[in-house]
Amino acid sequence: MPDHPDVASTLNNLALSLSDTNRKIEAEPLYRRALSIWEATLGTDQPLVAQGLNNLALLLSDTNRESEAEPMHRLALRIREASLGPDHPLVAQGLNSLASLLSDTDREAEPLYRRALSIQEATFGPDHPLVALSLNNLAGLLYDTNRNSEAEPMFRRALGILIAFRVSTGHTHPNFESVKRNYSLSLKELGNSPEQIAKTLEEIEKEIQSAYS
């Protein structure tokens, strides 16, 4: 059956793979077809519909169509809040997606980032990698708006979480290097020399290592 929800899931997964390999032109019609099937078969207020909207909106943002992406992000967020509750991790995902778009277009994103962070801390605990990514997002916004003294401790905490992830699992998180780079830039902006930055990074590493030894 070409319009079964399982077909939509397959289309969505294929579109994700294409998008991840920078074949976004091919991915877009698959996302749109998957979304259309889910809306027709499940209704317009289901979490899967929100996921389809979110995926398509991210692709539109990546292809410089922010004005098309924003209403999709907002609709996806409303669906998730209504169907899953205001404190669900997928609501946090939607908040981060919308905040990233608004931040890129110089609009107010900070409350959204802060709410996403609060949800993830309550859901996963203060030391989860998703918390680190939300911290990095919020710190990046603060850094970009000349509030680096507020951003620096958030970058530091995010880096510490990802170092702890590596020490405890033996795997380096995919976002580790970008968070480390952001923290280093923050330290540089505060007047630290390359030697001082290297020393600070080494001290954080040793502190985390000792906590797990």
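This report describes the helices of a predicted model and how some of them pack together.

**Overall make-up**

The protein has ten helices and zero strands. Read from the N terminus, its elements therefore follow the order α-α-α-α-α-α-α-α-α-α, with helices and strands numbered from that end. Along the principal axes, the C-alpha atoms fill a box of roughly 60 × 40 × 35 Å.

**Three helix pairs**

Two packed helices are described by the angle between their axes and by the distance between the axes. The table gives these values for three pairs.

| Helix pair | Angle between axes | Distance between axes |
|---|---|---|
| Helix 1 and helix 2 | about 155 degrees | 8 Å |
| Helix 2 and helix 3 | about 155 degrees | 9 Å |
| Helix 6 and helix 7 | about 160 degrees | 9 Å |

**Helix 1 with helix 2**

Helix 1 covers residues 5-20, and helix 2 covers residues 24-42. Their axes pack at an angle of about 155 degrees, which makes helix 1 roughly antiparallel to helix 2. The crossing of helix 1 and helix 2 is left-handed. On the side of helix 1 the contact is made by Pro5, Val7, Ala8, Ser9, Leu11, Asn12, Leu14, Ala15, Leu16, Leu18 and Ser19. Helix 2 contributes Lys24, Glu26, Ala27, Leu30, Tyr31, Arg33, Ala34, Ile37, Trp38, Thr41 and Leu42. Sorted by class, the residues of this contact are 15 nonpolar, four polar and three charged.

Pro5 belongs to helix 1. Apart from neighbours within four places in sequence, Pro5 is in contact with Ile37, Trp38, Thr41 and Leu42. Another position can be placed relative to Pro5: Leu48 lies 43 residues from it along the chain, and the two C-alpha atoms are separated by 9.5 Å.

**Helix 2 with helix 3**

Helix 3 spans residues 47-62. Helix 2 and helix 3 are roughly antiparallel, because their angle of about 155 degrees is over 145. The crossing of these two helices is left-handed. From helix 2, the residues that meet helix 3 are Lys24, Ala27, Glu28, Tyr31, Arg32, Leu35, Trp38, Glu39 and Leu42. Their partners in helix 3 are Leu48, Val49, Gly52, Leu53, Asn55, Leu56, Leu59, Leu60 and Asp62. This contact has eleven nonpolar, two polar and five charged residues.

**Helix 6 with helix 7**

Further along the chain, helix 6 takes in residues 110-124 and helix 7 residues 129-144. Their angle is about 160 degrees, and helix 6 and helix 7 are therefore roughly antiparallel to each other. Helix 6 passes helix 7 in a left-handed crossing. In helix 6, the residues of the contact are Glu110, Tyr113, Arg114, Ala116, Leu117, Gln120, Glu121 and Phe124. They meet Leu130, Val131, Ser134, Leu135, Asn137, Leu138, Leu141 and Leu142 in helix 7. By class, this contact of helix 6 with helix 7 divides into ten nonpolar, three polar and three charged residues.

**Aromatic rings**

A pair of aromatic rings is described by the distance of the centres and the angle of the planes. With a cut-off of 6.5 Å between ring centres, the count of aromatic pairs is zero. A charge does sit over a ring: the charged end of Arg166 lies over the ring of Phe176, 5.3 Å from the centre of that ring.

Note on methods. Residues are numbered from 1 along each chain as its sequence is written. This is a predicted model: local features need pLDDT of at least 70, side-chain atom pairs count only at pLDDT 80 or more; totals for chains, interfaces and linings use all residues. Side-chain values use heavy atoms; hydrogens and water are left out. Rings of Phe, Tyr and Trp (its six-membered ring) pair if their centres lie within 6.5 Å; planes under 30 degrees apart count as stacked, over 60 as edge-to-face and the rest as tilted. A charge sits over a ring if NZ of Lys or CZ of Arg is within 6 Å of the ring centre and within 35 degrees of the ring normal. Axes are lines fitted to C-alpha atoms, for helices over the stretch in contact, and angles run from 0 to 180 degrees between N-to-C directions. Helices (H or I, at least four residues) and strands (E, at least two) are DSSP runs, numbered from the N terminus. Angles under 35 degrees count as roughly parallel, over 145 as roughly antiparallel, 65 to 115 as roughly perpendicular and the rest as oblique. A crossing is left-handed if the near helix is turned anticlockwise from the far one by less than a right angle, and right-handed if clockwise. Contact means heavy atoms within 4.5 Å. Ala, Val, Leu, Ile, Met, Phe, Trp, Tyr, Cys and Pro count as nonpolar, Asp, Glu, Lys and Arg as charged, and the others, Gly among them, as polar.
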